[in-house]
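User: I would like to go through this model step by step and ask, for each label, what it rests on.

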Amino acid sequence: MSRPPQRPLRIGLTGGIGSGKSTVAATLRQLGATLIDTDAIARRLTGPDGAAMPALRRIFGDTIASADGALNREAMRSLAFSDPAARQRLEGALHPLIGDEAACEAAIANTAVVVFDVPLLAESRHWRERVDRVLVVDCSEATQIDRVMQRPGWSLDTARRVIASQAGRAARRSIADAVIFNDGLALDALEAEVRALWRLWQAATSPPVEQ
């Protein structure tokens with residue numbers, strides 16, 4: 001995919017829960033990319049007095065908010081995974097706001113590479129059309145479950161339901177320009193793979209040599 005001149009190379013980073021995507025994102029940021037974390041944007045939008053909260057209250061009622069006015073994430077997660085229509089309403093209210101915030105952050109980036117960390121990139125044609133390259137962090141489902149179960153407050157049933165609700169590994173890999181298979185990789189080996197991709201991207205952003 002080509003990109004307009006003078007615009008940063010836009011990388012879409014995605015992967016299933018527990019894939020190690022956050023570690024890859026942190027490494028890219030250390031290497032000099034501007035990282036736009038859509039999960040972080042979502043947390044701001046649904047925090048106390050967040051911009052998304054009035055719409056979410058109208059859709060789901062005041063009980064969806066915690067005492068401090070933020071989204072009750074546990075209640076919302078339970079509702080969204082048990083009721084597909086509720087999940088669609090949540091995404092319909094939240095995703096446009098996330099997209100707008102991400103676009104604003106990208107517009108002021110002053111780096112040669114901008115990375116959009118988007119967990120649901122494979123499910124969204126909108127996001128695929130906004131990036132120049134797609135990087136997928138992949139691992140087996142058994143590894144996903146093992147990693148998620150190490151997080152506080154997660155049950156095996158919840159982990160499996162989250163994995164089932166996301167795009168499958170084959171769907172993510174089918175849209176990838178690059179895949180990091182993060183199953184059994186030590187941290188230094190994972191970072192080495194990210195650095196190798198970074199060198200390729202840096203070469204892609206370099207101006208052509210005049211003849």
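User: To begin with a single pairing, which residue of strand 5 does Val136 stand opposite?

Analyst: In this predicted model, Val136 stands opposite Val179 in strand 5. The two strands concerned, strand 4 and strand 5, pair in the parallel sense over four bridges.

User: What makes four bridges enough to call strand 4 and strand 5 a pair?

Analyst: Two strands count as paired if DSSP finds at least two bridges between them; strand 4 and strand 5 have four bridges, so the pairing is assigned under that definition.

User: How do you know which strands lie at the edges of the sheet?

Analyst: Five strands form an open sheet in the order 2-3-1-4-5, with parallel pairing. Strand 2 (34–37) and strand 5 (178–181) each pair on one side only, and they are the edge strands. From one strand to the next, the twist averages 20°.

User: And what packs on this sheet?

Analyst: Helix 1 (residues 21–31) does, touching strand 1, strand 2, strand 3 and strand 4 (133–138), and its direction makes about 155° with that of strand 1. Helix 2 (residues 38–45) also packs on the sheet, where it touches strand 2 and strand 3, its direction making about 50° with that of strand 2.

User: Which bridge partners does strand 3 offer to strand 1 and strand 2?

Analyst: Strand 1 (residues 9–15) pairs with strand 3 (residues 113–117) in the parallel sense over five bridges; Gly12 has Phe116 as its bridge partner, and Leu13 stands opposite Asp117. On the side of strand 2, four bridges join it to strand 3, again with the strands running parallel, and there the bridge partner of Asp37 is Asp117.

User: Why is Val114 called buried?

Analyst: The relative accessibility of Val114 is 1%, and buried means under 20%, so Val114 falls on the buried side of that cut-off. Not counting residues up to four places away in sequence, Val114 touches Pro8, Leu9, Arg10, Ile11, Thr34, Ile36 and Ala109. One of these, Leu9, is 105 residues away along the chain, yet the C-alpha atoms of Val114 and Leu9 are separated by 6.1 Å.

User: What makes strand 3 covered on both faces, and how does strand 5 compare?

Analyst: In strand 3, Val113, Val115 and Asp117 on one side and Val114 and Phe116 on the other are all buried. In strand 5, Ala178 and Ile180 point to one face and are buried, while Val179 and Phe181 point to the other and are not. As a general matter, the side chains of a regular strand alternate between the two faces of the sheet.

User: How do you know that the buried residues of helix 3 line one face?

Analyst: The residues in question are Met53, Leu56 and Phe60, in a helix that spans residues 53–60. Seen down the axis of helix 3, they fall within an arc of 60°, so they line one face of the helix. What covers them includes helix 2, helix 4 (73–82) and helix 5 (84–107). Helix 3 is followed by Gly61, which has a positive phi, near 90°.

User: Which of Cys104 and Cys139 is buried and which is partly exposed, and how many disulfides are counted?

Analyst: Cys104 has a relative accessible area of 49%; exposed begins over 50% and buried lies under 20%, so Cys104 is partly exposed. Cys139, with 2%, is buried. The count of disulfides is zero, the criterion being a pair of cysteine sulfur atoms within 2.5 Å.

User: Finally, why is the protein called as compact as a globular protein of its length?

Analyst: The protein has 10 helices and five strands. Its radius of gyration is 18 Å, close to the 17 Å that the globule rule gives for 211 residues, so the protein is as compact as a globular protein of that length. Along the principal axes, its C-alpha atoms fill a box of roughly 65 × 35 × 25 Å. Of the 211 residues, 44% count as buried, and among contacts between residues at least 6 apart in sequence, 74% join residues at least 24 apart.

Conventions: Residues are numbered from 1 along each chain as its sequence is written. This is a predicted model: local features need pLDDT of at least 70, side-chain atom pairs count only at pLDDT 80 or more; totals for chains, interfaces and linings use all residues. Side-chain values use heavy atoms; hydrogens and water are left out. Axes are lines fitted to C-alpha atoms, for helices over the stretch in contact, and angles run from 0 to 180 degrees between N-to-C directions. Contact means heavy atoms within 4.5 Å. Buried means under 20% relative accessible area, exposed over 50%, partly exposed in between (1.4 Å probe, protein chains only). The arc is that of the directions from the helix axis to the C-beta atoms. The radius of gyration is taken over C-alpha atoms; the globule rule is 2.2 Å times the number of residues to the power 0.38.
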